[in-house]
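Reader: I'm new to reading protein structures and I get lost quickly. Could you pick one part, take a close look at it, and show me how it sits in the whole thing?

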Amino acid sequence: MTLNPVSTPLWPAPYATGAVEATVQVPGSKSVTNRALVLAALAAEPGWLRRPLRSRDTVLMAEALRTLGVGIEETVSSDSAAPGSTLAKGGEAWRIIPSGLRGPATVDVGNAGTVMRFLPPLATLADGDIRFDGDPRSYERPLHGVIDALRALGARIDDDDRGSLPMTVHGTGSLDGGTVEIDASSSSQFVSALLLSAPRFNQGVEVRHIGPRLPSMPHIRMTVDMLRRVGAQVDEPESGGEPNVWRVTPGALLGRDLTVEPDLSNAQPFLAAALVTGGRVVVPDWPAHTTQPGDRLREIFTTMGGSCELTEAGLVFTGSGRVHGIDVDLGEVGELTPGIAAVAALADGESVLRGVAHLRLHETDRLAALTKEINELGGDVTETADGLRIRPRPLHGGVFHTYDDHRMATAGAILGLVVKGVEIENVATTAKTLPDFPDLWTGMLDGTGQ
Ligand SMILES: O=C(O)C1=C[C@@H](OP(=O)(O)O)[C@@H](O)[C@H](O)C1
Ligand SMILES: C=C(OP(=O)(O)O)C(=O)O
């Protein structure tokens with residue numbers, strides 16, 4: 001793929017003149033918010049979503065569901081935490097009122113993998129035609145697994161034989177469901193998409209992954225866990241089922257009251273700030289148990305030189321002043337790769353990041369983008385067949401292009417903390433999952449003496 005840097009406003013990445021010391025309240029998880037919206041829309045009764053993430057990806061999901069007839073009422077309450085929750089008080093709560101799904105309608109997926117993959121199965125349950133369109137990049141991201149599977153399960157989809165967007169799902173109000181084989185090696189979201197709507201398919205679903213290694217298993221665990229919490233019956237490999245096979249039984253879903261955890265993958269740049277400056281960052285409300293892949297940062301950033309402790313105040317992450325290289329398979333936690341690559345470029349030794357070939361089909365070709373942008377600041381990164389080899393070298397300032405990728409922008413900001421003169425092109429792209437990023441970042445540095 002050719003990377004075309006575009007010319008948009010530059011954001012001078014703040015330089016930290018000392019060790020970062022801060023507490024950062026990280027907004028809610030994109031993956032939890034968008035799963036919860038889909039499950040609530042399919043439920044048999046209204047539900048609540050507290051402290052949802054409000055970002056481009058989640059607003060696109062909410063807007064799409066509204067277009068299909070679902071009621072989503074937004075309230076700002078003085079106490080949006082569920083009773084008994086340890087989460088700080090205040091924030092938003094969304095009430096989701098399911099109703100018969102209907103077309104004709106057009107869904108804008110933007111460049112949200114969760115919207116473009118999770119909603120076509122739901123659209124088969126709508127009465128009428130649902131057209132899906134999105135950003136130019138959404139046309140290039142893999143969707144064939146969802147389209148082919150839905151056809152095999154009884155849906156009619158018009159995609160002009162492209163296997164990608166734009167496309168129209170001709171909803172008939174129901175889907176047979178049944179057994180389907182898919183190759184989900186390019187995105188775990190194919191599996192999650194089919195499972196999430198399956199309780200409403202006439203026969204439920206049996207999804208069999210056939211093909212090379214499936215990425216992002218924690219995200220599939222999150223899907224299974226959230227389905228079970230709303231009353232669905234799911235059989236899966238990790239509870240004694242057949243490897244690579246998931247089964248969902250048809251049945252009504254409950255309307256729940258769910259409080260969204262902070263987005264642990266979006267906690268990454270803040271933890272990285274402590275790591276690369278030898279400082280200390282506290283992330284309140286870090287869950288003791290979670291399916292979020294970002295929880296792996298505790299182990300990965302400890303190997304890279306920091307230490308962490310889960311306390312009443314949240315996760316306390318402390319840098320040691322040294323950053324070490326790492327040899328790690330990130331296949332399960334691919335979305336952490338850009339931030340780990342940025343830290344690795346500042347380490348005292350070589351890093352090899354493996355198992356993430358599928359990142360070439362994320363928001364941008366992340367392997368090419370990281371290689372090009374870190375090298376343009378003086379780095380030495382090479383692409384391997386399934387990842388990156390990073391040999392740290394002294395870096396210098398320059399423009400860090402982001403290619404409409406939120407995680408490229410936050411990776412550039414990590415570098416800018418310790419490399420003077422880094423300018424991030426289009427930092428606004430962080431709005432995909434973390435709209436307040438520039439303010440959160442400068443707020444973190446207030447008092448650090450930048
Ligand atoms: O299901 C989800 O919420 C996600 C699954 C992963 O997708 P892939 O399996 O396509 O990498 C991850 O990278 C993405 O950020 C979110
Ligand atoms: C890959 C990502 O997003 P998406 O949900 O669009 O796939 C990501 O957030 O890193």
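Author: Sure, let's start wide and then zoom in. In the protein chain, 75% of the contacts with a separation of 6 or more are between residues 24 or more positions apart. Keep in mind that this is a predicted model. The chain is built from 13 helices and 23 strands. Its C-alpha trace spans about 60 × 50 × 45 Å along the principal axes. A compact globule of 450 residues would have a radius of gyration near 22 Å, and this chain has 21 Å, which agrees. Of those 450 residues, 60% are buried. The exposed surface comes to about 16100 Å², with carbon and sulfur atoms supplying 48% of it. There are 39 positive and 56 negative charges, and the mean positions of the two groups are 1 Å apart.

Now for the close look. Let's make it Glu335, which an unreviewed UniProt entry lists as "active site". Where along the chain do we find Glu335? It belongs to the loop that runs from strand E18 (327-329) to helix H10 (337-344).

Is Glu335 buried or exposed? Its relative accessible area is 11%, and because anything under 20% counts as buried, Glu335 is buried.

Which residues does Glu335 touch, once you skip those up to four places away in sequence? They are Lys30, His219, Ser265, Pro293, Arg366 and Arg407. Find them in the sequence and you'll see how the chain brings distant stretches together around Glu335.

Follow one of those partners, Arg366, and you land in helix H11 (366-376). Arg366 is among the buried residues of H11, along with Leu367, Ala368, Ala369, Leu370, Thr371, Glu373 and Ile374. That makes 8 of its 11 residues buried, so the helix is largely enclosed by the rest of the structure. What do those buried residues pack against? The list is H10, strand E20 (380-384), strand E21 (387-391), strand E22 (398-400) and helix H12 (406-418). H10 should ring a bell: the loop holding Glu335 leads into that helix.

Next, step back along the chain from H11. The loop between strand E19 (351-354) and H11 holds His362. With a relative accessibility of 14%, His362 counts as buried too. Leaving out its neighbours within four places in sequence, His362 is in contact with Arg137 and Arg141. It also shows how sequence and space can tell separate stories: His362 and Asn34 are 328 residues apart in sequence, and their C-alpha atoms are 17 Å apart.

Another partner of Glu335 was His219, so let's go there next. Helix H7 covers 217-229, and Ser216 is in the loop between strand E11 (205-209) and that helix. Ser216 is worth a pause: its phi is positive, about 55°, although the residue is not a glycine. Ser216 is also buried, with a relative accessible area of 11%.

Asp285 makes a similar case. Its phi is near 65°, again positive in a residue other than glycine. You'll find Asp285 in the loop between strand E15 (280-283) and helix H9 (297-303), and at 17% relative accessible area, Asp285 is buried as well.

A few other spots help you see the wider setting. In helix H6 (residues 189-197), 9 of the 9 residues are buried, with Phe190, Val191 and Leu194 among them. Then there is Leu175, in the loop between strand E9 (167-172) and strand E10 (178-182). Leu175 is buried, at a relative accessible area of 3%. Its contacts beyond four places in sequence include Thr124, Leu150, Gly154 and Phe201. Gly154 is 21 residues from Leu175 along the chain, and the two C-alpha atoms are separated by 6.1 Å.

Last, look for two cis peptide bonds. One runs from Gly103 to Pro104, with omega near 0°, and Pro104 is in the loop between strand E5 (91-97) and strand E6 (105-108). Another joins Leu165 and Pro166, with omega about -10°, where Pro166 lies in the loop between strand E8 (157-158) and E9.

To come back to our starting point: Glu335 is a buried residue in a loop leading into H10, and its contacts include Arg366, one of the buried residues of H11.

Terms used: Residues are numbered from 1 along each chain as its sequence is written. Chains are lettered from A and ligands numbered from 1 in the order in which they are written. This is a predicted model: local features need pLDDT of at least 70, side-chain atom pairs count only at pLDDT 80 or more; totals for chains, interfaces and linings use all residues. Side-chain values use heavy atoms; hydrogens and water are left out. Helices (H or I, at least four residues) and strands (E, at least two) are DSSP runs, numbered from the N terminus. The radius of gyration is taken over C-alpha atoms; the globule rule is 2.2 Å times the number of residues to the power 0.38. Buried means under 20% relative accessible area, exposed over 50%, partly exposed in between (1.4 Å probe, protein chains only). Contact means heavy atoms within 4.5 Å. Accessible areas come from the Shrake-Rupley method with a 1.4 Å probe; for residues, only the protein chains shown count as cover. Lys and Arg count as positive and Asp and Glu as negative; His and the chain ends are not counted. The place of a charge is taken as NZ of Lys, CZ of Arg, CG of Asp or CD of Glu. UniProt positions are given in the numbering used here, feature names are shortened, and annotations may be inferred rather than shown by experiment.
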